[in-house]
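Please find below a colleague's note, set out as numbered points, to be read alongside the sequence and the coordinates.

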Amino acid sequence: MNILIVDDHPIVRAGLRRLLAAEPAAEVAEAATGREALSAFRGGRPDLVILDLNLPDIGGLEIIARLKIIDPEARILVLSMHDDHIHVTRALQAGAAGYVSKTIPPAELLVAIRRVVGGRTYVEHEIAEGLVFSSIRTAPHPLENLSSRDLEILRLLTQGRSLAQIADALGIGYKTAANNCSQIKAKLRAASTADLVRIAIQHGLADCDAGRP
């Protein structure tokens, strides 16, 4: 079982390595950024990618989409601090086969890993319960109409990235990034980029490490 761990925190990667040491014949590779993850995936085609959504360059939602383009059969388990239904839904729509939070007990995480590697799906119980209740509530979530690309642009804006830097991170043209930003403003009825950043932070899109180099 070849596993690629994608997380920018060394302590998280080390903890996962220790946990996976109990798995027979598990070979583990690591990546700290989205670009490293894409390169490692192309070079090794792992059986499973354990992916954080908050990465310093390319966000996890964007990485999921790119991995599925490289290999439609890629098995991806998201391990994230985000447990809200917007992130969960977008990750699963992008092609992740599983989603768990970073507060999950180690034993349950191993169950999730085994199920996803085995071709099945897994969503942490409390997160799945939240998805059920979110689907029957009457008030829509403010970010409900945003795409995965929209969420990634908002995340990068909270890091202080310029439109040129966002375009480079996403591999799109500057004009496309600017148009996307304008569309997000319209969807959220935001008057300025500062308003977008405020809304993103208010709804938990900002990374804990926002502002890092």
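1. Ala-25, at 64% relative accessibility, counts as exposed, where exposed means over 50% relative accessible area, buried under 20% and partly exposed in between, with a 1.4 Å probe and protein chains only. Ala-25 is found in the loop between helix 1 and strand 2, and has a positive phi of about 60° although it is not a glycine. Helices (H or I, at least four residues) and strands (E, at least two) are DSSP runs, numbered from the N terminus.

2. On provenance, this is a predicted model, in which local features need pLDDT of at least 70 and side-chain atom pairs count only at pLDDT 80 or more, while totals for chains, interfaces and linings use all residues. Residues are numbered from 1 along each chain as its sequence is written, and side-chain values use heavy atoms, with hydrogens and water left out.

3. Other positive phi values deserve a look in the same reading. Arg-45, which is not a glycine either, has a positive phi of about 45°; Arg-45 sits in the loop between helix 2 (34–44) and strand 3 and, at 43% relative accessibility, counts as partly exposed. Helix 4 is followed by Gly-95, with a positive phi near 130°, and Arg-189, just after helix 9, takes a positive phi of about 55°.

4. The sheet is open and has 6 strands in the order 2-1-3-4-5-6, with parallel pairing. Strand 2 (27–31) and strand 6 (122–123) stand at the edges with a single partner strand each, so one side of each is left without a neighbour in the sheet. Two strands pair if DSSP finds at least two bridges between them. In general, strands of a sheet pair through backbone hydrogen bonds, either parallel or antiparallel.

5. Strand 3 can be followed on both of its sides. Strand 1 (residues 2–6) and strand 3 (residues 48–51) pair in the parallel sense over 4 bridges, and Leu-4 stands opposite Val-49 in strand 3. Strand 3 also pairs with strand 4 in the parallel sense, over 3 bridges, and the bridge partner of Ile-50 in strand 4 is Leu-77. As for the side chains of strand 3, Leu-48 and Ile-50 point one way and Val-49 and Leu-51 the other way, and all are buried.

6. Helix 1 (residues 10–20) lies across strand 1, strand 2, strand 3 and strand 4 (76–80), and runs at about 170° to strand 2; axes here are lines fitted to C-alpha atoms, for helices over the stretch in contact, and angles run from 0 to 180 degrees between N-to-C directions. Arg-13, which is found in helix 1, counts as buried at 13% relative accessibility. A polar atom of the side chain of Arg-13 lies 2.7 Å from the backbone oxygen of Asp-7. Not counting residues up to four places away in sequence, Arg-13 touches Ile-5, Asp-7, Asp-8, Glu-30, Ala-31 and Ala-32, contact meaning heavy atoms within 4.5 Å.

7. Helix 9 (residues 174–188) offers a simple geometric check: at 1.5 Å a residue, its 15 residues should span 21 Å, and the end C-alpha atoms are 21 Å apart, which agrees. The expected span is 1.5 Å times one less than the number of residues. In helix 9, Ala-177, Ala-178, Asn-180, Cys-181, Ile-184 and Leu-188 are buried. These buried residues cover an arc of only 160° around the axis, which puts them on the same side of helix 9; the arc is that of the directions from the helix axis to the C-beta atoms. On the other side of helix 9, Lys-175 and Ala-186 are exposed.

8. The buried residues of helix 9 pack against helix 7 (148–158), helix 8 (163–170) and helix 10 (193–202). Leu-196, in helix 10, is buried with a relative accessible area of 0%. Leaving aside residues up to four places away in sequence, Leu-196 touches Leu-154, Leu-157, Cys-181, Ile-184, Lys-185, Leu-188 and Ala-190. The C-alpha atoms of Leu-196 and Ile-153 are separated by 10.0 Å, although these residues are 43 residues apart along the chain.

Definitions and conventions: A polar contact is a pair of N or O atoms within 3.5 Å; within protein, one must be able to donate a hydrogen and the other to accept it, and residues adjacent in sequence count only if both atoms are side-chain atoms.
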